[in-house]
Amino acid sequence: MGRHTFRYRLDDAFFACFPEGDIRQADVTVDLTLERTERLMRLDFDFAGRFKTVCDRCLNELDCPVAFQDEVIVRFTADTEGKEDEDNLWWVEEHRDKLDLSQYLYETVALQRPIQMFCPEDEAGRSTCNAAVVERMGASQPTEPTGALSEDNLAVLRKLKNV
Ligand SMILES: [Zn+2]
């Protein structure tokens with residue numbers, strides 16, 4: 001019962017548990033204020049920090065700042081069966097004394113990366129992407145004849161045949 005505060009530090013070791021994400025060199029601090037009453041628990045999160053990701057066009061490394069707040073309400077119930085969690089409204093069985101926040105923390109930080117992220121434009125509005133990489137990636141797609149197999153694909157096929 002009452003009010004408690006916690007601080008979490010999300011670094012590379014934390015994000016290494018979620019290899020599907022493209023988050024690296026992470027340093028995010030999460031301040032959590034937890035207020036518990038008889039029937040529910042209010043979690044106030046304050047995320048601050050940064051991580052690195054890569055440009056979707058040229059693979060240059062980009063800095064992704066993290067600064068936002070989020071709130072989750074946990075409702076206690078005798079039985080969670082048939083009760084669906086909503087985005088920030090969870091059901092938890094009342095006898096449980098631990099709440100695993102790692103999946104939530106991971107997803108919430110990962111969502112800070114826009115679906116598409118590119119290098120910033122300069123003052124003249126020109127892309128600062130690595131032109132050589134963009135050209136190489138752009139050229140390799142349309143000029144490749146359909147049905148052609150790249151070396152990588154061939155390697156995979158060879159491997160499959162040996163299984
Ligand atoms: Zn770029």
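Which residues of α2 are exposed on the other side of the helix? They are Gln103 and Glu107. To see what that side is opposite to, it helps to go through the fold from the start.

The model is predicted. The mean pLDDT of the chain is 84, and 85% of its residues reach 70 or more. The exception to note is residues 142-163, where the pLDDT is below 50. Beyond near neighbours in sequence, that stretch has one contact in the model. Where pLDDT is low, the predicted coordinates should not be read in detail.

The chain contains four helices and five strands. Along the sequence these follow the pattern β-α-β-β-β-β-α-α-α. Buried residues account for 10% of the 163 residues. Of the contacts between residues at least 6 apart in sequence, 47% join residues at least 24 apart.

The five strands make an open sheet with mixed pairing, in the order β1-β2-β3-β4-β5. At the edges are β1 and β5 (89-93), each of which pairs on one side only. On average, neighbouring strands of the sheet are turned by 20° against each other, with direction ignored. Strands of a sheet pair through backbone hydrogen bonds, either parallel or antiparallel.

Two of the pairings can be followed residue by residue. Strand β1 (residues 2-11) runs antiparallel to strand β2 (residues 24-36), and ten bridges join them. In this pairing Leu10 stands opposite Val28 of β2. On to the next pair: β2 and strand β3 (residues 40-54) are also antiparallel, with eleven bridges. These two strands form a hairpin that has three residues between them. Glu35 of this hairpin faces Arg42 in β3, and Asp27 has Arg50 in β3 as its bridge partner.

Helix α2 (residues 102-110) packs on this sheet, touching β1, β2, β3 and β4, and its direction makes about 60° with that of β1. Its buried residues are Leu105, Thr108 and Val109. Seen down the axis of α2, these buried residues fall within an arc of 95°, so they line one face of the helix. An α-helix has 3.6 residues a turn, so residues three or four places apart point the same way. The buried face packs against β1, β2, β3 and β4 (61-77). This brings back the opening question: Gln103 and Glu107 are exposed on the other side of α2.

What lies between the helix and the strands can be described through the nonpolar core. In soluble globular proteins, nonpolar side chains tend to be buried together. The largest nonpolar core here has 13 residues, and those touching the most other members are Leu10, Ala26, Val28, Val30, Phe47 and Val109. The elements that give two or more residues to this core are β2, β3 and α2. The largest share comes from β3, with four residues. Val30 shows how the parts meet: leaving aside neighbours within four places in sequence, Val30 is in contact with Tyr8, Leu10, Phe45, Asp46, Phe47 and Leu105.

Arg50, the bridge partner of Asp27, is found in strand β3. Arg50 counts as partly exposed because 13 to 19 other C-beta atoms within 10 Å would place a residue between the two cut-offs, and Arg50 has 14. Apart from neighbours within four places in sequence, Arg50 is in contact with Asp27, Asp63, Cys64, Pro65 and Val66. Arg50 and Val109 are 59 residues apart along the chain, yet their C-alpha atoms are separated by 9.4 Å.Two residues remain to be noted for their backbone angles. Most residues other than glycine have a negative phi, and most peptide bonds are trans. Gln25 is not a glycine, but has a positive phi of about 45°. Gln25 sits in strand β2 and is partly exposed, with 13 other C-beta atoms within 10 Å. Leu59, also not a glycine, has a positive phi of about 70°. The place of Leu59 is the loop between β3 and β4, and with 14 C-beta neighbours inside 10 Å, Leu59 counts as partly exposed.

How values were computed
Residues are numbered from 1 along each chain as its sequence is written. This is a predicted model: local features need pLDDT of at least 70, side-chain atom pairs count only at pLDDT 80 or more; totals for chains, interfaces and linings use all residues. Two strands pair if DSSP finds at least two bridges between them. A residue is buried if 20 or more other C-beta atoms lie within 10 Å of its own, exposed if 12 or fewer, and partly exposed in between; C-beta atoms are placed from the backbone. The arc is that of the directions from the helix axis to the C-beta atoms. Two residues are in contact if their C-beta atoms, placed from the backbone, lie within 7 Å. pLDDT is the predictor's confidence in each residue, from 0 to 100. A nonpolar core is a set of buried Ala, Val, Leu, Ile, Met, Phe, Trp, Tyr and Cys residues joined through C-beta atoms within 7 Å. Axes are lines fitted to C-alpha atoms, for helices over the stretch in contact, and angles run from 0 to 180 degrees between N-to-C directions.
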